[in-house]
Amino acid sequence: MAISEITEKLLSAKKAKGITFAELEKIVGRDEVWIAAVFYRQATASEDEAQKIVSVLGLDSSLAQSLTESSLKGSLDPVIPVDPLIYRFYEIMQVYGMPLKAIIHEKFGDGIMSAIDFTLDVEKEEDPKGDRVKVIMSGKFLAYKKW
């Protein structure tokens with residue numbers, strides 16, 4: 001996956017400052033996953049949010065304007081991902097996508113889960129057998145319209 005110049009600047013500054021997305025969450029007042037999406041140009045910040053991000057990272061305020069522009073969402077390459085972590089999500093959808101679809105339709109009817117009216121949280125679960133990654137997706141149900 002090619003990383004944009006803006007993303008590279010943001011990530012480099014974040015690393016240089018030694019700041020986490022969770023710490024940015026407290027400063028910006030938005031969820032850490034959403035802030036990471038802004039970094040990767042998958043979400044659009046308000047002027048205030050963009051200024052807070054570039055300010056805390058010590059970047060030129062002119063970069064904030066780029067973070068307020070509508071982004072090109074879903075910009076992964078149209079091939080099977082090779083990054084092991086991203087591939088696992090692809091694999092999860094290959095294995096559990098149809099079962100999830102069947103259960104959602106059974107519980108809600110014919111429709112989809114919104115990726116617009118949506119939240120995504122990542123939690124760490126301590127486990128003596130090895131810590132676990134807990135991913136929580138919550139999207140509004142949108143029924144298909146009949147006409």
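Being four residues apart in helix α1, K9 and E5 are separated by about one helical turn, and in this predicted model their side chains form a salt bridge in which the closest N and O atoms are 3.6 Å apart. The spacing matters for a general reason: an α-helix has 3.6 residues a turn, so residues three or four places apart point the same way. As for their surroundings, E5 is exposed, with a relative accessible area of 57%, whereas K9, at 40%, counts as partly exposed. This pair is one of six salt bridges that the structure holds.

Another member of that group joins separate elements. R30 and E49 meet through their side chains in a salt bridge with an N to O distance of 2.5 Å. Because R30 lies in the loop between α2 and α3 while E49 belongs to helix α4, this pair ties together parts that are 19 residues apart in sequence. The two partners also differ in their exposure, since R30 is partly exposed at 41% relative accessibility, but E49 is buried, with a relative accessible area of 8%. R30 has a further neighbour to consider, for its charged end sits over the ring of W34, 5.7 Å from the centre of that ring.

From E49 the reader can turn to the helix that carries it. Helix α4 spans residues 47-56, and within it E49, A50, I53 and V54 are buried. Seen down the axis of α4, these buried residues fall within an arc of 125 degrees, so they line one face of the helix. The face turned away from that buried side carries the exposed residues E47 and S55. What do the buried residues of α4 pack against? Their contacts are with α1 (5-17), α2 (21-28), α3 (32-39) and α5 (63-67). After α4 comes G58, whose phi is positive, near 70 degrees.

The loop that leads from α3 to α4 deserves a look of its own, as R41 is found there. Although R41 is not a glycine, it has a positive phi of about 60 degrees. This residue is buried, with a relative accessible area of 12%.

Two of the helices that α4 packs against, α2 and α3, are also linked by aromatic side chains. A search of the whole structure finds three aromatic pairs, and one of them is formed by F21 and F39, which meet edge-to-face with 5.0 Å from centre to centre and 75 degrees between the planes. Since F21 lies in helix α2 and F39 in helix α3, the pair ties together parts that are 18 residues apart in sequence. Both rings belong to buried residues, F21 having a relative accessible area of 19% and F39 one of 0%. The value for F21 falls within the buried class because that class takes in residues under 20%. F21 is also approached by a charged residue, as K14 lies over the face of its ring, at 4.4 Å from the ring centre.

A further aromatic pair is found in helix α6, which covers residues 84-108. Y87 and Y90 form a tilted pair, with 5.8 Å from centre to centre and 40 degrees between the planes. Because they are three residues apart in α6, Y87 and Y90 are separated by about one helical turn. Are these tyrosines buried, partly exposed or exposed? Y87 counts as partly exposed at 28% relative accessibility, and Y90 is likewise partly exposed, with a relative accessible area of 29%.

Helix α6 holds a salt bridge as well, in which E91 and R88 bring their closest N and O atoms to 3.3 Å apart. Here too the residues are three apart in the helix, and about one helical turn separates them. E91 is partly exposed at 32% relative accessibility, and R88 is partly exposed with a relative accessible area of 43%.

The last part of this walk concerns strands. Strand β1 (residues 111-125) and strand β2 (residues 132-143) pair in the antiparallel sense over eleven bridges. One position where this pairing can be followed is M113, whose bridge partner in β2 is F141. The two strands form a hairpin with six residues between them, and in the turn G130 has a positive phi of about 135 degrees.

Notes: Residues numbered from 1 in each chain as written. Predicted model: local features only at pLDDT ≥ 70, side-chain atom pairs only at ≥ 80, totals over all residues. Heavy atoms only, no water. Buried < 20%, exposed > 50% of the residue type's maximum accessible area, 1.4 Å probe, protein only. Arc of directions from axis to C-beta. Contact = heavy atoms within 4.5 Å. Phe/Tyr/Trp six-rings, centres within 6.5 Å; stacked < 30°, edge-to-face > 60°. Lys NZ or Arg CZ within 6 Å of the ring centre and 35° of its normal. Pairing = 2+ DSSP bridges. Salt bridge = Lys/Arg side-chain N within 4 Å of Asp/Glu carboxyl O.
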